[in-house]
Amino acid sequence: MNVPLKWLNRFGLLLALLAIYLLFIFIAPSSFSTMRNLETIARQTVIVGIAAIGMTFVIISGGIDLSVGSIVAFSSVFVAYFLSKTHFSPLPSAVCAVAVGSAIGLISGFLITRLKVVPFIVTLGMMLLCRGAAKGIAGEQKINAPYTWLNEVLASLPPERSWMILSPGVWIFIFLTLIFAFILRYTVFGRATVAIGSNEQTARLCGIAVERTKVIIYTLSALFASIAGVMQFSRLTVGDPTVAVGLELDVIAAVVIGGASLSGGQGTIFGSLIGALIMTIIRSGCTQMGLENWIQEIVTGAIIITAVALDRLRHRKS
Amino acid sequence: MADNEIKTPPALRMNNITKAFGPTVALNDVSLKVKPAEVHALVGENGAGKSTLMKILSSVLTPDTGSMELFGNPYSPKNPIAARNLGIAMIYQELSLAPDLTVEENLTLGIEPNFTGILKTKKIRQLALEALKVFNHPEIQPQLKVSKLSVAACQLVEIARALVAGCKILVLDEPTSSLAAGDVEKLFDLIKKLKNQGIAVIYISHFLEEVRKIADTVTVLRDGQIAASNLPGVTSEDKIINYMVGRKIEQLYPRSNRNKGKLVLEIENFSGTKKPIAASLKLHSGQVLGIAGLVGAGRSELLRCIFGLEKIRKGKIKIGLYLGPASPLRRWYQGAGLLSENRKEEGLALSMTIAENVTMSKLRSFGRFGLVWPSRQNQNTGRWIDKLAIKCASPLQRVDELSGGNQQKVAFARLLEHNVDILLLDEPTRGIDVAAKVAIYKIIDELACDKNSHKAILVVSSYLPELMGICDDVSVMCKGRLGQTHNINEINEHNLMQEAIGTA
Amino acid sequence: MRKILSLLFILSIAFLTSCSKQAPVDKSKITIAVIPKGTTHEFWKSIHAGAVRASQELDVEIIWKGPLKEDDRESQITVVEDFITRGVSGIVLAPLDNTALRRPVSEATRAGISVVIIDSALDSNDFVSFVSTDNYIGGQKAGEHLAKLLNGKGKIAVLRYQEGSASTQQREKGFLDAIAKYPDIQVVSANQYGGATTETAYKASENLLAPLRNADQALSIDGIFTPNESTTFGMLRALQDNAFAGKVKFVGFDSSEMLVKALKEGQINALILQDPMNMGYLGVKTIVAHLRGEPIEKQIDTGSVVAAPENMNDPHIDKLLNPDFAKWLTTK
């Protein structure tokens, strides 16, 4: 393989991101190239991006998690619930909500490994179950919560805190991305995840604890969905059980655009990050251009298919 | 005789067929002639080229050189469907019926009588009844779901399907391997009926007594060449076996002096879910113990039970100091490693790198606190790449980009990297070229003899010369039962083959 | 394959580029973003038409952009944020939630972008004006009218719209307060929610009606109130499918072609009409006035009327029942 092609292979996704960004700079209003826009894009990517970290592990292991969107709503409702009904302070509320949300993933993981039900079905069931539970806890309405610093986590920075450069939520996202990119690449757990997705039988032959690893993976996915739920609460300032319907599809799209294969064994955290950014840029660019929603949906669909098809083509060539 | 041939041309003639897969020559100048209304047996060891030849006949593969004729006409179908339309029907060991459809739907699958897409159900029923009439098996009802039928009945349905499609040459590949004795007799009756209808049957089997019973003519393949052709069906088993194995053991198999050390693996009365049945054996360090037998005899299951990949129903097992069953993870820890016979589906994670595959069983040793440092993985892997002469760009190359032989070396390197004391090798040289085979024989010999490592090695192989060449002792497995251990100097291939076939 | 894909890619870029031509950026012109709760309801199309009308009269640019997911709070927040980033001159917003939209609105204000709230209230002071139907009064009108139809006695049911939607809650409250003045009218159900879409409203209606049947399968209630278009239409379909239409006094809110037809046929007895075109029109007009430094009211009522079969041919009512939004939306 010659050198330019190798570069294209390694940085192809980054180039695609850049190309799409430049395209919008070219056709969208001049505001698109401002720093403020980059900051907005970063903030708007956080929820899908955080959920995508967990989903990357799931998809690399050859599974799928459809319950992500519901868990986001579930944990956002719980944060509001703890804040308003039990009068916890913000941090314990967030931690408890994340714990409750992660428990859902633990249950999914056990069902998948012990009952040997395919992940698609288990998480599909969990998706409905969590959505219902969220609505039930919220009494089929939003839960209003007192305004706390939790609501500032993902807001654009007020002038007096501009030294932070990016919102705390974005920093948390960047931090999690780096940590888990490292975990995927440099730990036994990360390698086991790839091995299971690449060939589960080989993993078993090599003495990898397939079942235990899978339980951890689905718990992680729910953990990240719950953190995304806290972020969602931060943005909404209310606990909304109807939020994030279909979010899991955005998350899966981000991971797949990022080069992961739905049959497992392939994918990177940074790829998923770029996938999530591409999705946000398309959405934000279309909005700022004032495109009608139906056009925007068509464009997004076309770009997802093109991106993934080009990626597969690239793999087949090499 | 000559006059007769002019009047009725042979049903099938395959002339000077040659087929190579990369460096491996699977068929070398093979010719075959099958007369109409003849049962022609094709025998040979595993890997002798029988299935390759049949794949060429059914156009799954195209030959490199050579030609074929069907009833005197040149025959060169473009694809398996064309071959089927010309009257070639293949019945494989694994049956290919749609289990959720009924018998009649299966019989007419793909050739359903219809009127502009709408099925003519009456016509279908009539066709099915006609086809089934020949068999004289009233229990096979046309409207029965195939999943409800026994294996033998499924086989009959499949043969019936071939008849409905108008087959003239029927290939049966190991048809009796999954049948009970009574069903075998019924199958033979049926084959005789088909013969009377003028259909030529090519019968592939390991079971020579069956061949003697049913075949008119026997052709023996060995190492991709014709060892003997057009033997009469009544040829003695001894003679056929001689043709099958009759080659000299070449200097392919290095052998240093080996010393049997302490006992490292012992099983007693050891049974899996189906196979093995009450197996017992003892394996010492510095010993290479071979397990011979036919495909499906339960040899792989024996290794998998030992390694914890399949459940042990009863029996005793002791590995080193450890007693009782254990998971693969524990087995690795106890110093045992398994090389899977199925490289692509189980042995290797094809989409991962060489380094990942070689080090997968001991990830924990590449860093503390659950960390894995790729540089160390690569470094260790690099050693084995050099030692085993694995042809690759770097340890970071994906395994699916390697040739079969190099893939097998990667799988082998995993056992070496883990430095296990007991190597369980399942068909270690399947599907790889001679050079890679020799390399693997050399490693096995070194592992067993080297005073420092002094490993114990259990090898399953279907290739008798290989076992004779590399092993110190051999046991034969037949239908789930493991025979006693023979010293290699006290037995020959002929006896082993007899024991494997179950005629000893 | 690769050629086809490249072609697809180029086409989509070309498509995007050509779309961008439709919304040229003109620095000298005032640009107003109008953000509804959704884009598919007829109600929002009327608002759109009113906004377009105002923009043509006032010579300003408007960008009409609803949340990508209809009725999704997060989606609407994102749209507001994107317009803050784009730096439009002003935003006219119909907030999906009276609290969740507070922060983006105050962020807009902080960025120097004025916001006019239309249709539903927002619990905040960061906007310059609130232009809406006085929903409470609208609800009261519905209550009074239904009471009159029932001669002050009977059993009634209310199918609510959705929690957190301030405007419909106001209507429901106004309605129930008006009914409370009639001691002989009994509210047998007022805790069911129709949800965001016609489909969910239809299912909710069926669930609501099922237990309200007599032994002879006739309905045991005399009157029904629904607080918006989707619940009214969902309820109408449920009544029609069970052959109850016309046999029960039915007062709805808002209008659409199907609802007007039902009104004509007597399957609906009255519709409380807002003036959405006026709302869109006044929303844009108010913010432009504010931007041009003219004084504006903090709260503006766009009015509501009761349309019944007997008055539906009045020119004023007819204009509301059959809004001519197509004229404004097709010319662009």
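**Exercise 1.** Find which residue of S9(C) stands opposite C:Gly223, and describe how S9(C) pairs with its partners.

Solution. C:Gly223 stands opposite C:Lys249 in S9(C). The model is predicted: local features need pLDDT of at least 70, side-chain atom pairs count only at pLDDT 80 or more, and totals for chains, interfaces and linings use all residues. Residues are numbered from 1 along each chain as its sequence is written, and chains are lettered from A and ligands numbered from 1 in the order in which they are written. Strand S8 (residues 223-225) of chain C runs parallel to S9(C), joined by 3 bridges; two strands pair if DSSP finds at least two bridges between them. Helices (H or I, at least four residues) and strands (E, at least two) are DSSP runs, numbered from the N terminus. From S8(C) the chain passes through helix H8 (residues 229-241) of chain C to S9(C), a right-handed β-α-β crossover. Right-handed means that, with the strands pointing away from the viewer, the path from the first strand over the helix to the second runs clockwise.

Next, S9(C) pairs with strand S10 (residues 270-274) of chain C, again in the parallel sense, over 3 bridges. Here C:Phe253 stands opposite C:Ile272. Helix H9 (residues 257-264) of chain C completes a right-handed β-α-β unit with S9(C) and S10(C).

**Exercise 2.** Decide whether strand S9 (residues 249-253) of chain C is enclosed or open, and check each face.

Solution. A residue is buried if 20 or more other C-beta atoms, placed from the backbone, lie within 10 Å of its own. By this count 5 of the 5 residues of S9(C) are buried, so the strand is largely enclosed by the rest of the structure. In a regular strand the side chains alternate between the two faces of the sheet. One side of S9(C) has C:Lys249, C:Val251 and C:Phe253, the other C:Phe250 and C:Gly252, and both faces are covered.

**Exercise 3.** Describe the side of chain A that touches chain C.

Solution. Contact requires C-beta atoms, placed from the backbone, within 7 Å. On this basis 43 residues of chain A meet 39 residues of chain C. Among the elements giving two or more residues to this side of chain A are helix H1 (3-27) and helix H12 (293-317). H12(A) gives the largest share, 10 residues.

**Exercise 4.** State how much of chain B is buried and what its secondary structure is.

Solution. Of the 504 residues in chain B, 44% are buried. The chain has 18 helices and 23 strands.

Notes
Contact = placed C-beta atoms within 7 Å. Buried ≥ 20, exposed ≤ 12 C-beta atoms within 10 Å, placed from the backbone.
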